[in-house]
Amino acid sequence: MGTRANMIPIINKTYCSSSQVVLVVRRRPHVTNGGGFVVTDCNQKVIFRVDGCGILGKKDELILRDGNGDGDALLLIRRKGGMVEALSIYKKWKGYTFDYEGSQKLVFGLKEPNSCLVWNNAMKISTQPRVSNKDWDFTIKGYFPDRDCSIIDTKGNIVAQVGVKKEVQELMASKDLYHVVVKPGIDQAFVFGIIATLDYIYGESTRC
């Protein structure tokens, strides 16, 4: 018998699978800048949608939605701006879920280095509740625009990996189609909240 995957439900346990999952990201048609992207499974079923600033009409804000017909909002992602951030060595992004009354609850924060003074320029992610005893729970390794990066936990384990299949890479010069491998027990909604944030930071499908 195989060992049961350790579930880490950051958004909701329904988005944690007991087995590894491979999902495909497709950029929405270029009708409008900042339209966002769609996440599907191997059967082309829509699992998540991400609305960028071109749909929301707001900069530095994203919404991750469920793939069902109504597209329920699962996660609101915002960048903390203002003078405090301008003087900080980090740009700070925060992800919030919604309860049944519509109130927001902080579930993760991502620190994007904003200064050459940061000795290690890796992006650090902390979750609520915390899953480690360090001051961060996950980090980004690799370079997202090349579709070659991973989300790593504090023990150095890969929990999710972004990549492009060789045959797709040969057919498409752009990187509008890529896959994400999510390891067993990891919250897929959380993973795509992080990917949406990376997409915006690097000026891709969610950014106007």
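**How the words fit this model**

Modeller: Strands S7 and S8 pair in the antiparallel sense over four bridges, in a model that is predicted.

Colleague: What makes S7 and S8 a pair?

Modeller: Two strands are said to pair if there are at least two bridges between them, and S7 and S8 have four, so the term applies to them. One place to look is Leu110, which stands opposite Ile125 in S8.

Colleague: How do you know that S8 and S9 pair?

Modeller: Two bridges join S8 to S9, and because at least two are asked for, these strands count as a pair, running antiparallel. In S9, the bridge partner of Ile125 is Phe138, while Lys124 stands opposite Thr139.

Colleague: Which residues of S8 form the covered face, and which the uncovered one?

Modeller: Ile125 and Thr127 form the covered face of S8, whereas Lys124 and Ser126 form the uncovered one. In a regular strand the side chains alternate between the two faces of the sheet.

Colleague: What joins S9 to S10, and what is found in their hairpin?

Modeller: Six bridges join S9 to S10, and the two strands run antiparallel, with Ile140 standing opposite Ile151 in S10. The hairpin has four residues between the strands, and Arg147 takes a positive phi near 55° in it.

Colleague: What kind of sheet do the 12 strands make?

Modeller: The strands run from S1 through to S12 as a closed barrel with antiparallel pairing, and the twist averages 20° from one strand to the next. Helix H4 packs on this sheet, touching strands that include S1, S7 and S12, and the direction of H4 makes about 45° with that of S7. Altogether, the protein chain has four helices and 12 strands.

Colleague: Which residues touch the most other members of the largest nonpolar core?

Modeller: This core has 46 residues, and those that touch the most other members are Phe48, Val180, Phe190, Val191, Phe192, Ile194 and Ile195. Helix H4, residues 188–201, gives the most to the core, with 10 residues. In soluble globular proteins, nonpolar side chains tend to be buried together.

Colleague: Which residues is Ile194 in contact with, leaving aside its neighbours within four places in sequence?

Modeller: Ile194 is in contact with Phe108, Leu110, Ile125, Ile140 and Ile151. Two of these, Ile140 and Ile151, stand opposite each other across S9 and S10.

Colleague: Why is Leu75 called buried?

Modeller: The word is used for a relative accessible area under 20%, and Leu75 has 0%, so Leu75 is buried. Leu75 lies in strand S5, and among the residues it touches, not counting those up to four places away in sequence, are Ile11, Leu62, Phe98, Phe108 and Gly193. Another contact of Leu75 is Ile63; the two are 12 residues apart in sequence and 5.7 Å apart in space, C-alpha to C-alpha.

Colleague: What joins strand S5 to strand S4?

Modeller: Five bridges join S4, residues 61–66, to S5, residues 73–80, and the two strands run antiparallel. Leu62 stands opposite Ile77 in S5.

Colleague: Where is Thr206 found, and why does it count as buried?

Modeller: Thr206 is found in the segment after H4. Buried means under 20%, and the relative accessibility of Thr206 is 0%, so Thr206 counts as buried. Not counting residues up to four places away in sequence, Thr206 touches residues including Gly34, Phe37, Val50, Leu62 and Tyr200.

Colleague: Which of the words buried and exposed goes with Cys16, and which with Cys42?

Modeller: Cys16 has 12% relative accessibility and counts as buried, because that value falls under 20%. Cys42 has 65% and counts as exposed, because exposed means over 50%.

Colleague: How many disulfides does the structure hold, and how do you know?

Modeller: The structure holds zero disulfides. A disulfide here would need a pair of cysteine sulfur atoms within 2.5 Å, and with a count of zero, no pair meets that cut-off.

Colleague: How much of the whole protein chain is buried?

Modeller: Buried residues make up 47% of the 208 residues in the protein chain. The accessible surface comes to about 11400 Å², of which 49% belongs to carbon and sulfur atoms. Among contacts between residues at least 6 apart in sequence, 40% join residues at least 24 apart.

Terms used. Residues numbered from 1 in each chain as written. Predicted model: local features only at pLDDT ≥ 70, side-chain atom pairs only at ≥ 80, totals over all residues. Heavy atoms only, no water. Buried < 20%, exposed > 50% of the residue type's maximum accessible area, 1.4 Å probe, protein only. Core = buried A, V, L, I, M, F, W, Y, C linked by side-chain atoms within 4.5 Å. Contact = heavy atoms within 4.5 Å. Axes fitted to C-alpha atoms, helices over the stretch in contact; angles between N-to-C directions. Areas by Shrake-Rupley, 256 points an atom, 1.4 Å probe, with all protein chains shown as cover.
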